[in-house]
Amino acid sequence: SDLANAGTARTNLGLGDAATKAVGTASGTVAAGDDSRITGAVQKQAANITVTVGSGGDYATVNAAIAALCGKRLIHGYTATINLLTGFVMAEQVIVTGIDLGWITITSVDATVTVTRSALTVAASIPAYGITAAINNYPLICAMDNGIAPVVGVLFTMDTSGSAANRNAFFAGNGGQIYIKQGKGCTYAGNCGLYAVQGGRINAAGVNVSYALGNAVSAFRQGFVGCRDANLSHAGVSGIYADNGSYVDAANSDLSYAAGLGVWADSVSFIACCKATITHAGTSGISCNTNAVVDAHEAVIDDCGQRAVSATTGAVVNVKSASLQRNGYQAVYADGGARVDAQSSTMTCWSLKGIYAIYGAHVNAKGATCQIGASPSGNDIYVSYGGIVYAKDAVGGLRQTANTLTSDGIIFQ
């Protein structure tokens with residue numbers, strides 16, 4: 001018989017070596033069926049899941065819900081939803097660093113959810129390095145260091161409690177990403193509505209970040225913001241600010257009633273705001289400087305406190321077929337080699353000058369209406385210190401005789 005030899009018996013019966021091991025937890029033993037390492041193991045979730053937050057819900061806070069969902073280990077392709085129940089008040093921050101939570105979407109029962117601004121106390125800041133200053137930030141929802149925040153399907157509104165300083169609604173930095181659904185966002189942000197910096201990316205077509213106390217949109221140090229068809233109105237400072245090689249697409253957006261500048265582009269940044277409404281800015285509708293580019297063709301840039309367009313120091317602005325009416329100083333001011341395409345635009349009712357090209361700037365006013373008064377005058381199309389204007393088929397008077405080069409420049413017609 002082979003029973004005297006356990007190894008031979010195991011082989012004859014086709015058993016593995018586990019058949020001769022004792023039950024235990026040490027190396028060389030086998031686990032029992034009720035071993036806590038098995039019964040307590042996290043099971044994979046093979047279905048979409050929805051949890052609720054608020055009074056009578058599954059969790060008291062959004063962060064508690066996120067932590068629980070992360071423990072459920074959803075199989076790739078399945079998603080989770082956190083639904084904020086009626087009356088829920090957001091008194092916390094969601095800060096995501098280095099992980100992907102884009103499979104979670106935050107929604108709400110109520111049309112708007114109040115944010116307790118005084119609860120925004122955790123800093124998500126970018127330290128200084130070299131000549132670059134630190135960015136201090138206490139955001140509502142934040143994605144940092146290549147992290148991806150939960151999808152935002154809620155329209156928040158920030159209350160007035162606590163400090164407003166650096167209380168941004170949505171902040172993406174160092175490659176972080178945030179996606180906000182159409183019609184959602186945050187009104188009355190303590191500082192910026194959308195803020196992307198150092199490769200941070202915010203995708204927010206149709207977002208509502210109106211009444212921000214700072215800029216509705218800020219993009220800084222190669223930040224990217226996509227917010228076409230957005231409500232960026234009534235900003236406490238500027239509707240859009242882009243600097244240091246950043247990019248903002250706000251085509252067909254509402255940028256009206258900014259307290260300062262409607263659109264401000266600087267230092268090799270690009271802003272697309274074609275067909276946008278940029279009316280009633282406290283200072284200028286568009287300010288573009290230092291080799292930056294603004295595309296605002298067919299935009300409405302009326303009733304601004306100073307200029308409709310100001311382009312300086314190598315900047316490029318396209319306001320072809322735009323409305324540039326009833327602004328305080330000039331319709332188009334260009335200096336320092338800047339270039340403005342105002343072809344076929346309408347520029348009427350200015351108190352000072354229609355077009356003012358100075359210090360080597362170029363303005364294309366072909367077919368534009370530039371007459372600021374009841375009859376043509378030398379202030380309609382004005383050059384100084386080497387300014388150049390192409391005004392074929394334009395309506396309006398000229399500062400100097402057409403097609404004649406002087407020390408002030410030349411107006412082609």
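## Gly 305 and its surroundings

Apart from neighbours within four places in sequence, Gly 305 is in contact with Ala 281, Gly 282, Thr 283, Gly 328 and Tyr 329. The model described here is a predicted one, and in it Gly 305 sits in the loop between strand 21 (293–295) and strand 22 (309–311). One of the contacting residues can be placed by distance as well: Ala 281 is 24 residues away from Gly 305 in sequence, while the two C-alpha atoms are 6.2 Å apart in space.

With a relative accessible area of 36%, Gly 305 counts as partly exposed, because this value lies between the 20% under which a residue is buried and the 50% over which a residue is exposed.

## Strands 3, 6 and 9

Strand 6 (residues 141–144) is joined to strand 3 (residues 94–97) by four bridges, and the two strands run parallel. Strand 6 is also joined by four bridges to strand 9 (residues 170–173), again in a parallel arrangement. Particular residues can be followed across these pairings: Val 94 has Ile 141 as its bridge partner in strand 6, and Val 96 has Ala 143 as its bridge partner in that strand. Ala 143 in turn has a bridge partner in strand 9, namely Ala 172.

In a regular strand, side chains alternate between the two faces of the sheet. In strand 3 this alternation goes with a difference in burial, since Val 94 and Val 96 point to one face and are buried, whereas Ile 95 and Thr 97 point to the other face and are not. Strand 6 is covered on both faces, with Ile 141 and Ala 143 buried on one side and Cys 142 and Met 144 buried on the other.

## Two buried residues in strands

Thr 105 belongs to strand 4 (residues 104–108), and with a relative accessibility of 15% it counts as buried. Once its neighbours within four places in sequence are set aside, Thr 105 is in contact with Ala 80, Thr 81, Ile 82, Val 151 and Lys 181.

Ser 218 belongs to strand 14 (residues 217–220) and is likewise buried, its relative accessible area being 4%. Beyond its neighbours within four places in sequence, Ser 218 is in contact with Cys 192, Leu 194, Tyr 195, Ala 196, Val 225 and Tyr 241. Of these residues, Leu 194 is 24 residues from Ser 218 in sequence, and their C-alpha atoms are 6.2 Å apart in space.

## Salt bridges

The structure holds five salt bridges. In one of them, the side chains of Asp 249 and Arg 228 meet with a distance of 2.7 Å from N to O. Asp 249 lies in strand 17 (residues 247–249) and Arg 228 in the loop between strand 15 (224–226) and strand 16 (240–243), so the pair ties together parts of the chain that are 21 residues apart in sequence. The two partners differ in accessibility, for Asp 249 is buried, with a relative accessible area of 13%, while Arg 228 is partly exposed, with a value of 42%.

Another salt bridge is formed by Lys 366 and Asp 393, whose closest N and O atoms are 4.0 Å apart. This pair links distant parts of the chain, 27 residues apart, with Lys 366 in the loop between strand 27 (362–364) and strand 28 (381–384) and Asp 393 in the loop between strand 29 (387–390) and strand 30 (409–412). Lys 366 is partly exposed at 29% relative accessible area, and Asp 393 is exposed at 51%. The side chains of Arg 399 and Asp 408 also meet in a salt bridge, at 3.0 Å from N to O, and Arg 399 is partly exposed, with a relative accessible area of 33%. Elsewhere, Asp 302, Asp 303 and Arg 326 are linked in a network of salt bridges.

## The largest pocket

The largest pocket holds about 180 Å³ of space. Eleven residues line this pocket, and those closest to its centre are Leu 74, Ile 75, His 76, Tyr 78 and Trp 103. By character, the lining of the largest pocket divides into six nonpolar, three polar and two charged residues.

Conventions:
Residues are numbered from 1 along each chain as its sequence is written. This is a predicted model: local features need pLDDT of at least 70, side-chain atom pairs count only at pLDDT 80 or more; totals for chains, interfaces and linings use all residues. Side-chain values use heavy atoms; hydrogens and water are left out. Buried means under 20% relative accessible area, exposed over 50%, partly exposed in between (1.4 Å probe, protein chains only). Contact means heavy atoms within 4.5 Å. Two strands pair if DSSP finds at least two bridges between them. On a 1 Å grid over the protein atoms alone, a cavity is a set of points where a 1.4 Å probe fits but cannot get out, and a pocket is an open set with protein on both sides within 12 Å along at least five of seven lines; lining residues have an atom within 4 Å of a point. Grid points are joined across faces, edges and corners, and a volume is the space filled by probe spheres set on the points. Ala, Val, Leu, Ile, Met, Phe, Trp, Tyr, Cys and Pro count as nonpolar, Asp, Glu, Lys and Arg as charged, and the others, Gly among them, as polar.
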